[in-house]
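Before reading the coordinates in detail, consider what a record says about the chain, how confident the predictor is, and how one pair of helices packs.

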Amino acid sequence: MIRTKKTTFQLVVLSIAHLITRQNSKLKSCAFHSRNGTVFEKLQWVMSLFKLCSTMKHLNQIHGHIIRAGFQQDLFVMGKIVEFCSVGQGRDLDYALLVLDSVENPDGFLWNTMIRGFGKTNQPKRAFELYKKMQEKGGKVDSFTCAFLVKVSEQLRSDILSKQIHCSCLKHGLDSHVFVRNTLIHMYGMFRDIQNAVKLFDEMPNPDLVSWNTVLDSYVYCEKHKEGLEHFLRMLKSGTQPDEATFIVTLSACSALGALDFGRWIHSYIKRTGFRDITSVSNSLVHMYSKCGAVEEAYETFNNMMMKRRNLISWNTMILALANHGHVDKALSLFSEMLEVERPDNVSFLGVLSACSHGRLVSEGRKYFDIMTKDYNIKPTMKHYGCMVDILGRAGLLEEAYQFIISMPIECNAIIWRTLLAACRTHGDVKLGKEVRKHLLRLDPDHSSDYVLLANMYASAGEWNRVISVRNSMKDRHVKKPEPGNSFIEDSSSLTVTPDLI
């Protein structure tokens, strides 16, 4: 069968070529005029084709036109090909390398685009091979080169390599460039080297908003939450205006510290700005109030959000907050309300199952688990299975919980078995408790809480010899109880909000 149809792309290419040919026939000859038009017109035509390019097949056709038009050494044109193949829709780095090798004197854009492209693949090490090749060919290293290489080294989780790249930035005099400096700060932060991250920031004469946010994010990532809040106050005193990212990270620090008063002050600050209408900021406020135990304020913040501004994260955050604080009926009611406007995901059902667990709602828990798997085709995670075991265990349905675990399509972890062991201890089922303990010995033999639960279970049943045996076993295996937990109480004097900031 003879094919007579042409693709839409081919037809458009032919149409453009025909149009330009018609236009060229009307033009007067000039120094740059060739058989099919001036150099500028041919370049315009070639560049217009890139707007229609969406596949490598299209690109191959365009590349052929480029060679015929004589633009195979034009850096701007070849840059478009490399960009499409390395960071665009093409995703064919081997083809991009061939194009790069065909250019006699590639510029910084070509090298940087290729380095950036390899950083986005599962072969990030090749970015450094290309960097070496770039230096051998006399390519000029600029701020983008350094920044892309820093990101790749961070992706490889190589502390030594990252410091080598930092040295290279110093060698080329690019470390003071704001873009490079911010990338270096982020790199050290992600390596939990907060000391060097802060040092690089303090050396900046005029840090921008990204610089402030990067250090703030580094503090929170390194769990230096109090220092993060102090950095936020320092930022405000400097006159730098916070943005959406600033508030999200700062509220995260408040959540981790339980710094409710500080969080309330940030909320009042947000109310005076346009950020109160940004969904992600409102979601962070709901989460902060929830983590600080102020579920009523979380609910009020959620209700103040316009319906059209609520997204799935908004609903999930509020449902989980209500469930974790024992507001079972409200959580389930909110879930039903959410179903009218949003399609639930695995996090939504995690909140619902958690509510059922807190409320000892066995039949409802079974119902929602079935709805999740059958109606919404959501594959349960270990946390969903854990919630179901907890629901059954709290209700005393220990044998059903055990059979539920055995029938799981994935291997159960120690946390779920430990949940069932705790239920066996609560309900005094020594026989099943022994069976559960066998599974725990296989998965996590030296976890102190397992020994404690088992000993308490035997003690409740009056089997004192077994209690002694468990304790001796702990000593023989050198298993020790963890240090006692700590409770944090917010000290309002430790983080002072001065009047000039309010």
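**Repeats, confidence and a helix pair**

In an unreviewed entry, UniProt places the feature "repeat: PPR" at residues 107-141, 208-242 and 311-345. The model shown here is predicted, and in it residues 107-141 are 66% helix and 0% strand, with the end C-alpha atoms 10 Å apart. For residues 208-242 the corresponding values are 74% helix and 0% strand, with 11 Å between the end C-alpha atoms.

As for confidence, the chain has a mean pLDDT of 85, and 87% of its residues reach 70 or more. At residues 1-6, however, pLDDT stays under 50, and the model has 2 contacts beyond four places in sequence for this stretch. Residues 8-35 also have pLDDT below 50, although the model gives this stretch 33 contacts beyond near neighbours in sequence. Where pLDDT is low, the predicted coordinates should not be read in detail.

Further along the chain, helix 24 (residues 414-427) and helix 26 (residues 448-460) have axes that come within 9 Å and cross at roughly 20 degrees. Because angles under 35 degrees count as roughly parallel, helix 24 is roughly parallel to helix 26. The crossing of these two helices is left-handed. From helix 24, the residues Arg418, Leu421, Ala422, Cys424 and Arg425 take part in the contact, meeting Ser449, Asp450, Leu453, Asn456, Met457 and Ser460 of helix 26. Sorted by character, the residues of this contact between helix 24 and helix 26 comprise 5 nonpolar, 3 polar and 3 charged.

Conventions:
Residues numbered from 1 in each chain as written. Predicted model: local features only at pLDDT ≥ 70, side-chain atom pairs only at ≥ 80, totals over all residues. Heavy atoms only, no water. Axes fitted to C-alpha atoms, helices over the stretch in contact; angles between N-to-C directions. Helix = DSSP H or I, 4+ residues; strand = E, 2+ residues; numbered from the N terminus. Parallel < 35°, antiparallel > 145°, perpendicular 65-115°, else oblique. Left-handed = near helix turned anticlockwise from the far one by under 90°. Contact = heavy atoms within 4.5 Å. Nonpolar A, V, L, I, M, F, W, Y, C, P; charged D, E, K, R; others polar. pLDDT = per-residue confidence, 0-100. UniProt positions renumbered as here; feature names shortened; annotations may be inferred.
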